[in-house]
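Q: I should like to learn how to read the features of a structure. May we proceed from one feature to the next?

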Amino acid sequence: MQQASIDKEEHNRRQAELFNKKTKDFSAPLPPEITERQQRIVDVVPDLGPGSRVMDVGSGTGCLIPHMHQTGIQDILAVDLAEDLLAKAREQYGTSSTLGNDHGFRTWVGDVESVPAYQGPFDVAFFNAVFGNVYDQREALLRTSLLLRPGGHIVISHPLGRAWHERLREGDAEIVPHALPDRPTLERLITDLPLRLRSFQDDPDLYLTLLQACASPVPPAYLIQGRPLELEGEVVAGFGRGSSRMGVPTANIAPGPLAAKLEGLPLGVYFGWAQLDAGPEQPEEDSAVHKMAMNIGRRPSIEDGTDITVEVHILHSFAASDFRGRQLRVVVGGFIRPEMRFGSLDELIARIKSDVGIAKAQLDLPEHQLCKAHEMFVR
Ligand code: ADP
Ligand code: MG
């Protein structure tokens, strides 16, 4: 999905450079037939009103904003790579205070992947006339889905239609690297994302797709069906960064003997239960079954190799600070999110903390409590 020739920073730099120059063009009023479609784009989302928090991706000078106001929406984060376009939008729609959680118009210069979690959670994110321009469409949807409240929506739209957009792309494939996805492509794009396709309109003069985030942070498709996945092995040394650099120790299980079980598993973060053989000299509680969050992956945010590691953070405070060499058993209840690359260590840590929070809450649900008594665990 992403372009091989240039990296994301260069792609974003070119977008910003080009669109900053278009501030004047984008400030001209739109013809009425277009503004009518823009209103339809906003109105496709159910239940929006004065209480809604909205992200407008590729907002530009803010052509969707008056339509949001029409629907009663006040709390809007306009996201764009082009600073000059956002400055124009601020001039027109800016409110006196844009601090904290005040309902108002705020702007964020950068791509959608850089929007921090504290700006959300959003009821809806609009990608109007911009989805063909993003560096990586799947990554943009994944990041956005993590910024939505459960049940929130994503709208992908273009008020001039898919064919018009395709001609634009033929004219400059560097600035517009992707097509607007047809239905099968879109379905493929979201297969492993916590999103569902709610409606899809592909008319000559209007492209309008509505996606919805699953109601639970762990969508039904992410739950391990049938027999839960069981893993067992020796705790081995990792790279020694879990506790020291991130404040989240992860007991690494030797992945070699698990190869057959790991085969074909999606890479990313899972939740479930863990039991350590802490040893008879340790408090009994340390050998009990505890909640855990586990990463199976290549750690793309940290450059130290591409081998797959299995790392388990156990939600328990152990008497022994180091239990490498001990046996660890885990039973996996479900998947939290696919593997993704973060822009900084702080961003990764923030995400790990929210993954741990999701794991903790999920495991309180009755169906996951049952797994705590799994036959694999020793009593
Ligand atoms: P490494 O890179 O060697 O895995 P970490 O910094 O990730 O080191 O720390 C992991 C080690 O910390 C584990 O192997 C274990 O010995 C210890 N540890 C202590 N408490 C926990 C915990 N709650 N969850 C996981 N590991 C823990
Ligand atoms: Mg570790």
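Q: Where should one begin: is F26 buried, partly exposed or exposed?
A: The general idea is a scale of relative accessible area: buried means under 20%, exposed over 50%, and partly exposed in between (1.4 Å probe, protein chains only). Accessible areas come from the Shrake-Rupley method, and for residues only the protein chains shown count as cover. F26 counts as partly exposed because its relative accessibility is 37%. The model is predicted, so local features need pLDDT of at least 70 and side-chain atom pairs count only at pLDDT 80 or more, while totals for chains, interfaces and linings use all residues. Side-chain values use heavy atoms, without hydrogens and water; residues are numbered from 1 along each chain as its sequence is written, and chains are lettered from A and ligands numbered from 1 in the order in which they are written.

Q: In which helix is F26 found?
A: Helices (H or I, at least four residues) and strands (E, at least two) are DSSP runs, numbered from the N terminus. F26 belongs to helix α2, residues 23-27. F26 and V312 are 286 residues apart along the chain, and 50 Å separates their C-alpha atoms.

Q: What does the side chain of T61 reach?
A: The general idea is the polar contact, a pair of N or O atoms within 3.5 Å; within protein, one must be able to donate a hydrogen and the other to accept it, and residues adjacent in sequence count only if both atoms are side-chain atoms. Here the side chain of T61 reaches the backbone oxygen of F26 at 2.9 Å. T61 lies in the loop between β1 (53-57) and α4 (65-70), and T61 counts as buried because its relative accessibility is 10%.

Q: Which residues are closest to ligand 1?
A: A residue is near a molecule or strand if one of its heavy atoms lies within 4 Å of it. Ligand 1 is surrounded by 20 residues, the closest being G238, G240, S243, F323 and R324. For classes, Ala, Val, Leu, Ile, Met, Phe, Trp, Tyr, Cys and Pro count as nonpolar, Asp, Glu, Lys and Arg as charged, and the others, Gly among them, as polar. The shell around ligand 1 has nine nonpolar, eight polar and three charged residues.

Q: Which atoms lie 2.9 Å, 2.8 Å and 3.2 Å from atoms of ligand 1?
A: A backbone N or O atom of T250 lies 2.9 Å from an oxygen atom of ligand 1. For I314, a backbone N or O atom lies 2.8 Å from a nitrogen atom of the ligand. In the case of D322, a polar side-chain atom lies 3.2 Å from an oxygen atom of ligand 1. Taken alone, ligand 1 exposes 560 Å², of which the protein buries 93%. The elements that give two or more residues to its shell are α9 (242-246), β9 (251-253) and β12 (309-314).

Q: What are the protein donors of the magnesium ion?
A: Donors are N, O and S atoms within 2.8 Å of the metal (3.2 Å for Na, K and Ca); water is not among the atoms, so sites may look incomplete. For the magnesium ion, which is ligand 2, the protein donors are T250 (O), T250 (OG1) and N252 (OD1), at 2.2 to 2.3 Å. T250 counts as partly exposed because its relative accessibility is 26%, whereas N252 is buried at 7%.

Q: How many disulfides does a search of the whole structure find?
A: A disulfide is a covalent bond between the sulfur atoms of two cysteines. The criterion is a pair of cysteine sulfur atoms within 2.5 Å. The search of the whole structure finds zero disulfides. As for individual cysteines, C63 is partly exposed at 31% relative accessibility, and C371 is buried at 18%.

Q: Which backbone features deserve attention, such as the peptide bond from G120 to P121?
A: That peptide bond is cis, with omega near -5 degrees. P121 lies in the loop between β3 (105-109) and β4 (122-128). Another feature is the sign of phi: D47 is not a glycine, yet its phi is positive, about 60 degrees. D47 is placed in the loop between α3 (32-43) and β1, and D47 counts as exposed at 78% relative accessibility.

Note on methods: Accessible areas come from the Shrake-Rupley method with a 1.4 Å probe; for residues, only the protein chains shown count as cover.
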